[in-house]
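Here are a few short exercises to work through with the model open. Try each one yourself before reading the solution.

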Amino acid sequence: MDYAITLIPGDGIGPEVSEAAVRVVDAVCPGIRWRRVDAGASAVETHGTPLPEGVIEAVRETRVALKGPCTTPVGKGFSSVNVALRQALELYVSLRPVDTLPGVKTHHEDVQLVVFRENTEGLYAGMEHEPVEGVVESLRMVSEHASRRFAKFAYEWCRFEGHRKVHLVHKASIMKLSDGLFLDVAREVASDYPFIETDDILIDHLCMSLVLDPTPFDVLVMENLFGDLLSDLCAGLVGGLGLVPGANIGDRYAVFEAVHGSAPDIAGKGIANPIALIRSAAMMLKHIGERDGSARVERAVRTVLEKGEALTGDLGGSATTRQITDAIIREL
Ligand code: ATP
């Protein structure tokens, strides 16, 4: 096995958790050649832009990337690196599995959710303008094309992975045209999958229901901003941002990254929890067909959590990033 994979370490805790994920992947798949490129605040210092063209070129060449969180410098006229990368590579699906992990204390048991977030439209289309001074308009873009390809991906994934219940999440009671279109198109796609139960639910109602009892839900499919907010809420249900992995997927490329951001408050201290990115790397291994390596990583993470001997501060322990990573590697 001999693959090249792009590695974007990112900012804040990004380099620390990326190094941890690379060590774990190297331990199960030693043939991977990492092609390291900088994006985010670190790239501004070296390239004058947070998203140098070389980053997109590298992902286009390797098709797959593992990415740490990237910070977008505030107030300097730069648009978000994460959003620009998703748009440039047409990574139109964000997939975030959220599940209860052994040994992690939470309010609910047996949470098994999958959040599908449309990644290219909604308010993230970045179409803002100031028609008159003191008034700003933000366009919430929803198209039939993007909704259809996104819903199709989600249903195909459910069919392949054996998930049988989808909730389409919306606020069509207020945004009748935009969310109305999303719902119509998604329902049309759903009709091709009669063996998957489909229901729809208002985003506000879903938030309350998830906090009270997340167990009746399985797969949640929604537009961009709702997905951003709900991913963090769901991460909270299973123990926090340090644990939840994610993937951004399009027809040609895929970028794997944790749900959390750059956590500047703990950056450089060596105490960040690397599990979210390590599990994102496990998703990446599955994506490239290394199913055995992927399953080994996921099992090792669960064993370390269950033993509870090497946990980072966010999980109530005092282990460093390196110590928890060493423990995971020992369990592989
Ligand atoms: P961004 O704007 O990039 O999302 P943020 O600081 O608003 O950044 P996060 O970086 O996601 O949001 O983090 C929120 C808080 O959660 C941080 O202050 C940090 O303490 C905690 N946190 C996030 N990720 C981790 C992690 N991997 N390990 C430990 N704590 C984390």
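**Exercise 1.** Does Glu223 count as buried or exposed? Work that out, then find what its side chain pairs with.

*Solution.* Keep in mind that this is a predicted model.
- Step 1: the cut-off for buried is under 20% relative accessible area. Glu223 has 6% relative accessibility, so Glu223 counts as buried.
- Step 2: the side chain of Glu223 meets that of Arg140 in a salt bridge, 3.4 Å from N to O.
- Step 3: Glu223 sits in the loop between β10 and α8, and Arg140 in the loop between β7 and α5, so the bridge ties together parts that are 83 residues apart in sequence.
- Step 4: Arg140, at 19% relative accessibility, counts as buried too.

**Exercise 2.** Work out how Glu144 and Arg148 are placed in helix α5.

*Solution.*
- Step 1: their side chains form a salt bridge, 2.9 Å from N to O.
- Step 2: they're four residues apart in the helix, so about one helical turn separates them.
- Step 3: on accessibility, Glu144 is partly exposed at 42%, and Arg148 is partly exposed at 28%.

**Exercise 3.** Track down polar contacts between the ligand and Ala263, Asp265 and His260.

*Solution.*
- Step 1: take Ala263, where a backbone N or O atom lies 2.7 Å from a ligand oxygen.
- Step 2: go to Asp265, with a polar side-chain atom 2.8 Å from an oxygen of the ligand.
- Step 3: finish with His260, whose polar side-chain atom is 3.4 Å from a ligand nitrogen.
- Step 4: now check burial: the ligand alone exposes 600 Å², and the protein buries 59% of that.

Methods:
Residues are numbered from 1 along each chain as its sequence is written. This is a predicted model: local features need pLDDT of at least 70, side-chain atom pairs count only at pLDDT 80 or more; totals for chains, interfaces and linings use all residues. Side-chain values use heavy atoms; hydrogens and water are left out. A polar contact is a pair of N or O atoms within 3.5 Å; within protein, one must be able to donate a hydrogen and the other to accept it, and residues adjacent in sequence count only if both atoms are side-chain atoms. Accessible areas come from the Shrake-Rupley method with a 1.4 Å probe; for residues, only the protein chains shown count as cover. A salt bridge is a side-chain nitrogen of Lys or Arg within 4 Å of a carboxyl oxygen of Asp or Glu. Helices (H or I, at least four residues) and strands (E, at least two) are DSSP runs, numbered from the N terminus. Buried means under 20% relative accessible area, exposed over 50%, partly exposed in between (1.4 Å probe, protein chains only).
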